[in-house]
Each structure stands twice: as structure tokens, then as C-alpha cells.
Protein chains: 2
Amino acid sequence: MARIVMKFGGTSMAGIERIRNVAGRVKAEVDAGNQVAVVVSAMAGETDRLVGFCKEAAPLADPREYDVVVASGEQVTSGLLAITLQAMGCPARSWLGWQLPIRTSDAHASARIAEIDTVALDKALASGEVAVIPGFQGMEEGGRVTTLGRGGSDTSAVAVAAAMRADRCDIYTDVDGVYTTDPRIVPKAKKLSHVTYEEMLELASVGAKVLQTRSVGLAMKEGVRVRVLSSFDNPASGNNDGTLIVSDEEIAKISKELNMESQLITGIAYDKNEAKITLTDVPDKPGAVSAIFGPLADANINVDMIIQNIAHNAGSTDVTFTVPGAELARSLDVLDKARGEIGYGALTHDTKVCKVSVVGVGMRSHAGVAATMFKALAERGINIQAISTSEIKVSVLIDADFTELAVRVLHTAYELDGEDQAG
Amino acid sequence: MARIVMKFGGTSMAGIERIRNVAGRVKAEVDAGNQVAVVVSAMAGETDRLVGFCKEAAPLADPREYDVVVASGEQVTSGLLAITLQAMGCPARSWLGWQLPIRTSDAHASARIAEIDTVALDKALASGEVAVIPGFQGMEEGGRVTTLGRGGSDTSAVAVAAAMRADRCDIYTDVDGVYTTDPRIVPKAKKLSHVTYEEMLELASVGAKVLQTRSVGLAMKEGVRVRVLSSFDNPASGNNDGTLIVSDEEIAKISKELNMESQLITGIAYDKNEAKITLTDVPDKPGAVSAIFGPLADANINVDMIIQNIAHNAGSTDVTFTVPGAELARSLDVLDKARGEIGYGALTHDTKVCKVSVVGVGMRSHAGVAATMFKALAERGINIQAISTSEIKVSVLIDADFTELAVRVLHTAYELDGEDQAG
């Protein structure tokens, strides 16, 4: 017997026929002798509909009331899944955020889960009843409804799994796992059977939109074993193991057991939602850099890649960096206001850029990863505009027109190509 | 300063533009110095959509989960009205059924309100904040969501008004008040400025679908002054006083103050949802009647009009009575099973019947009301199939084809005709 959390997204819950499919998968886990809690999203499109109402009512809706409105979508699917499970002869009940309760901060519309009370939950699970829990919602100390922000249902699932000490948190979605890269760009991309939390964080934050980044961070912190798999594959086909997201240590153990060689590079990610900003003729003196990045940090803008160009005039330099595309306008505004203090010449920006990253825990113990990357890109004439590295990642900023070419070149260079999926 | 409950139905809450109209009416009451609680229905069509999901998931859905699903509609409109009021500069917050709480019985899907905690409510109102309360929903002792059954929002409003000792409970709907009869049948029907609880109960239960019967019964029991009025009339026109539903005593006082003659008959109602059942050749002996109506009572079927025909064979008689049309199939089944015990000859039924009623507290002190009715109908050749009377009502059962004719004839006979509304 295992304790399992199963999480189903909006596409999996869109309509009663799909909810029946979900109920079938849940029942299979129960029939296999497991204790199961299910975390559900609202029907696809429903949250957008509710958010639309709020925006129409007031452009800046009170987030406390916004939460009351948008939390209703998951309430509906929780009740419907419980009804459907019961109709299949599987005891089930819904537990709304305020009923468990799922205690959160009072940061309405982007609350953080503080604690999940498991007294009722443990009792229900022990009695063989499936607990159906609406994702995305909770309750703050004053007893008002909160929501966790968009995509928060993944985080709810991981938090429930941590609270009930689940053996596994299965995130069912509309893809069948995490791939070495985007299969729409590289048909020979391979599904990864497992990936570390750290790798997943890098892959997710740089473009592989499978799991909400916050939920991966929480899973890493709480040591929750997460599996991503498809809710549309035929479970009987045996080809639906998805991708397991676990710790370094567990993967090392798995690799050892299976006598697998550890991979150098796990995947190639890309992110077109970056914007490049360049300040020319910045005085080459102490304090100049902090005059630029201080105001940006104060405005809560996340600066990623930074390069300081070689000075072309005596005593001055160019500074280039990237910010999230959505923060570009605000960044330019901040820099414009700080012009006097920084004393730059011109302020230019470019959104036609893409960050391409090679990710893998294997690179910790291998030199030459970056060199392979630069060489492969250079051979195809792809110019590198900026570079950033971390312990398990090397990223380069390139002209967005070269995105697909770069991803394909790197996928081959690191020997990630599998069989063609397109055929 | 007065304490007022305002209740808005689904048509009034259908979409943000209409919710803005509602918010405008609420703000006007606040600006006039009143303390206001608002009870809202789900958007028109929304509850049907949610009920449809439940039925699709399972024909006999667990009513506890059904309640979780269908209660969400009012949650959405509560939040949206609070947002809209705030945007108009009117402090407001939503109070969900479990937040106040509104304590109910655990008869899910048709729960009864037991008690409404007014501590939080009183505090909010005293601070000048509008309390927006979802109608139709509550919480049972175990902390699960309940609903009051269809149309339950009227009952919520009256219960809130009773709990907070409101001076008035204004029910805004898509008609502008209670009429002497259905204006679609009699264009000369007049809007009643006031009507007693008892009259309203008779008018509602026999066809004038303005207010949910249960809410009128509760208002009578708790002495809540109810006003029915339109949410679509222009409030500035001054022609939107609606109909006041109060006690006999208050109406007597109003009539005295205005030096008005008290009406003999208040209105004419009709109900096509009755079914007539006849048992022939029932043994004319003690116990025969209880052998018929005992099993129907056991099956919780409400028998209305009863006539025992004159025996045409020695020692046997025919018994005719009416039941709600929706209960006909079940009634026939009960009677078929009880055939041995009753010992009747044939069992026939007729759904092409209509109950027409004249209603008025004035008839308590006047003889001859029924005679006027029978004479007026006889003059037009309308055959009376059954009769029932109460202290403030005389009802006759007729062929449904004569419904409109009978209503018009009676409306004129009791001198209720006003100016033609159709012109």
C-alpha cells in the first residue's frame, strides 16, 4: 500500500466525459490498494472566464473578493469528481480549502501555503475514502478565501503530498513527461525517465512548460517525489510512466541499480520571453554598476544575464543585460528615471532575442561542456550575445531567428537525439 | 436610518452590466443613510448549468457533493457585487454561507435555515460596510456546504432580514409587483400596493410565481416586512414601489390611515399543474376513504381537492381528488398497489384540468363570495368539477381549456379590472 497524490489539470477536467476518465485512473490506484488524495484544477477556460468577470467589474478588483470568485472553479470540479467516483462505486468526498483547512498567507491572489491540517484527511484516507481537494485555493488566518496564483494547483498537490507524507505526487497533464527538449522543434527529442529537482527547475524556468516552477521548488524543499505523466494515454498500454522528478541521490541510486551511465546533459531549453537592454557610455568608475542594478532590484525586477563590454572610449563602457520581457517597459522607466545618477549615453533594447540553455547535473563533474556549446553554435554561424552559467546550466543569448537551429544543433552535439517521434 | 435587506434574482445578476445596475440601487440605499445587506442569486442560467453537470456525472448525485457544486454560482455573484460596489466607492465585502455562518439542517439540496450568526454581520453593518451574502447556501453542523433547494435565495433573504431585525426585506425581481391576476391573461390586472402574508401564500401556491412560497411562510412566522419590486424599472421614475407583503394588522392600519375601503377579493390565481384522479365503485363503507388517502399520505403525496360522488350503485361510490401533476405517476402507482385493500372498480386520471382560485382576506367577513363565483362561471357555461375552500380562498377545478376565460370572468365579476396595461 502506498499513499499517492494525483493531480489533474484543467484540460483533464474539461467536461464530465473527461472527469470520468480521471475517475477511472483514480479508481485504478484505489483498486491497487493505495490511499489516494486527488487535487483538481478548474475546467479548462473556467478560471479565465471568472478572471474576465472580475476585470470587467473593476480593473483593480479587491484581491480578497477576486479570490472568492476565482476559487469557485475548483470547487465545482471537486464536487463533480467526488460524484463521479461515487457513481463508480469508489467512496469519495470533496474537501474545500477552508474545510481541511489549507492555511495560507493573506497575500490574496498569490498566497503561499503555510500549513495543511491532515487530521480529517488522514481519517478519510484510512477509511478507504478518496479525498478530492480543489487546487489553487486555501484560507488565510482571518477565515477568508485565498488563491495561490495561476498554475497554483501543482503547488497545492505537492503541498498536500508533503503534508500527508505521500509516497508520490503524480501530476497528470496533457503531455506525457519531460523531454530532452521541445519535441515540436526536435522530433528526435527523448522523454526523460527521471530528472533532478534542480534540472527540472532550470528546464521549467527556461521554457519547458510542464510543471509550475514554484511546485518544483516546494517538492525539492519537502523531498516530495513528483511524477509528470499524461492523463490521455491509455494506461493499459504500459507506456505511461511519465518522468520522475526526484533528488540527486535517488537518481544516483536508480542509475546504479539500472547500471546506467550518468548523462552529461539532460536537456536543452529555450526562452523567448527575455528582453535585452543596453546602456552605452556608462562611466567606468566604482559604483556605476550598482547605480544601474540597485534601482532595478528596488523595483523587484529580476536581472538575468549581464555583460560589461570592453570600453571603446576611455573611461566609459557599455553594459548589457536581460530582464523578463514582461518587465521591459517597467525596466526602461526605472532606468530613464535613474539616468542622472547613472550617467549613461544611450538606452537601447531588443526583444528579438532568445536564451538557449543546456542543463544537466552531470556537468558538475565534467569540464568542457560550455566549450562544446560555443563550438557547435559557432560552426553554424550563430553569434552569442551574452553568456551565463550556473553549476548545472550554461545559457547563451542569441538572435531569436536562430532559436530552432540552435536547439537542434545542441541536441545533436550533446548526443541527445533518439528515435524520430514525428513518424 | 433603517436596516434593509435587498435581494436580487438571477436575471438581475446576469452579467457585469446588470450587476452594476444592482450596485447602483444598493449604493442609493446606503447614500440614503441605511444599513444594507444584499442577498444575491447566481447569474441566470448558471445554476441550471451546474445542476446539468451533476446530473451528467450521476443521475442520483450525492446531495452533499451536489451542494458543493451548485453553491458556487452564488459565490461568484457575491464576490462580483462586492467588487462592483467597491469600485463605486461603496465599502462592501462578501460573506459566504460558511463564513457568517448560516447554519442549516443537513437535508442537503433542500436544507432549512436553523440560525444565522449575526455577530460579524452586525459589526460590518455598523461600520458602514455593505454585507453581500450568497443566497441559497448555508452550512450544516458537520461543516459541509448545504443549499436550500431551487428558489431558496428568497428564503435566505427573509432569514437574513429576520436575523438582523431588518426594517424591510426588498425582493428585486423581473416583475414590478404582485398583480390581481396574471397580466398576460387579463391586461386590466392591477398591481397590488399591499397584500397579506396569507393572501400571498395562496396567490403564490396557486400560480402567481413572484416569490418562493417558503420565503413567504418564513416572513409570516418571523414578521418580516417584505416588498417585491422590479430591478429593471427606473428608480427615479418614482413608479417602483412594488407590492408590500405584511401582516393583516399592518394592512388594516394602512387602510385606516389612507381611509381605503377594504377589498373583498385581492386576486384571482390559477394553477394548471394539478392532476385529477377518480376511483370508481369504491365500497361505501367505513374505512374506505382512509384506505385511499392513508397510502398517499404515507408516500408524502399532497392531496388537494376531494369530492365523494353520490353513489350510483347501491353500496358503492366514486371518489375524485387532485394531486400535484408532478406526483401523478407516483400516485397512480400507490393506488394500484393498494387496490386490494381499497377494492375500487376503475382508476382514471385527467391532467387537462386547472384550479382557479379567488383569494382575499376580505371574504372572512363576507358571505356570498363563493355564490358570486359559481354564478359567474355558470353564466359562461364553465362546468365546475370540484370545489375546495379555506378561510381566505375559494378554488374550483375546471377543464383547462376554460382557464383564461374563467380568470377574465372572475376578474370582472369581483370588480378588479383597472386600466388596460396592454395599451
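In the predicted model, chain B can be laid on chain A with an RMSD of 0.1 Å. The operation is a turn of 179 degrees, with a shift of 0.1 Å along the axis. The two copies are thus related as by a two-fold rotation axis. Among the residues of chain B, B:Ser72 comes closest to that axis, with its C-alpha at 2.8 Å.

The interface joins 28 residues of chain B to 28 residues of chain A. On chain B, four elements give two or more residues to the side that touches chain A: helix 1 (16–31), helix 2 (46–57), helix 3 (63–70) and helix 4 (72–87). Helix 4 of chain B gives the most, with 11 residues. By type, this side of chain B divides into 16 nonpolar, 9 polar and 3 charged residues. Of the interface residues of chain B, 100% are also interface residues in chain A, so the copies meet through the same surface.

One helix pair across the interface was examined in detail. Helix 3 of chain A (residues 63–70) packs against helix 4 of chain B at an angle of about 160 degrees. Their axes are 7 Å apart. Angles over 145 degrees count as roughly antiparallel, so helix 3 of chain A is roughly antiparallel to helix 4 of chain B. The crossing of these two helices is left-handed. Helix 3 of chain A makes the contact through A:Glu65, A:Val68 and A:Val69. Helix 4 of chain B contributes B:Gln75, B:Val76, B:Ser78, B:Gly79, B:Leu80, B:Ala82 and B:Ile83. The residues of this contact divide into 6 nonpolar, 3 polar and 1 charged.

Conventions
Residues are numbered from 1 along each chain as its sequence is written. Chains are lettered from A and ligands numbered from 1 in the order in which they are written. This is a predicted model: local features need pLDDT of at least 70, side-chain atom pairs count only at pLDDT 80 or more; totals for chains, interfaces and linings use all residues. Two residues are in contact if their C-beta atoms, placed from the backbone, lie within 7 Å. Ala, Val, Leu, Ile, Met, Phe, Trp, Tyr, Cys and Pro count as nonpolar, Asp, Glu, Lys and Arg as charged, and the others, Gly among them, as polar. Copies are superposed by least squares on the C-alpha atoms of residues with pLDDT of at least 70 in both. Axes are lines fitted to C-alpha atoms, for helices over the stretch in contact, and angles run from 0 to 180 degrees between N-to-C directions. Angles under 35 degrees count as roughly parallel, over 145 as roughly antiparallel, 65 to 115 as roughly perpendicular and the rest as oblique. A crossing is left-handed if the near helix is turned anticlockwise from the far one by less than a right angle, and right-handed if clockwise.
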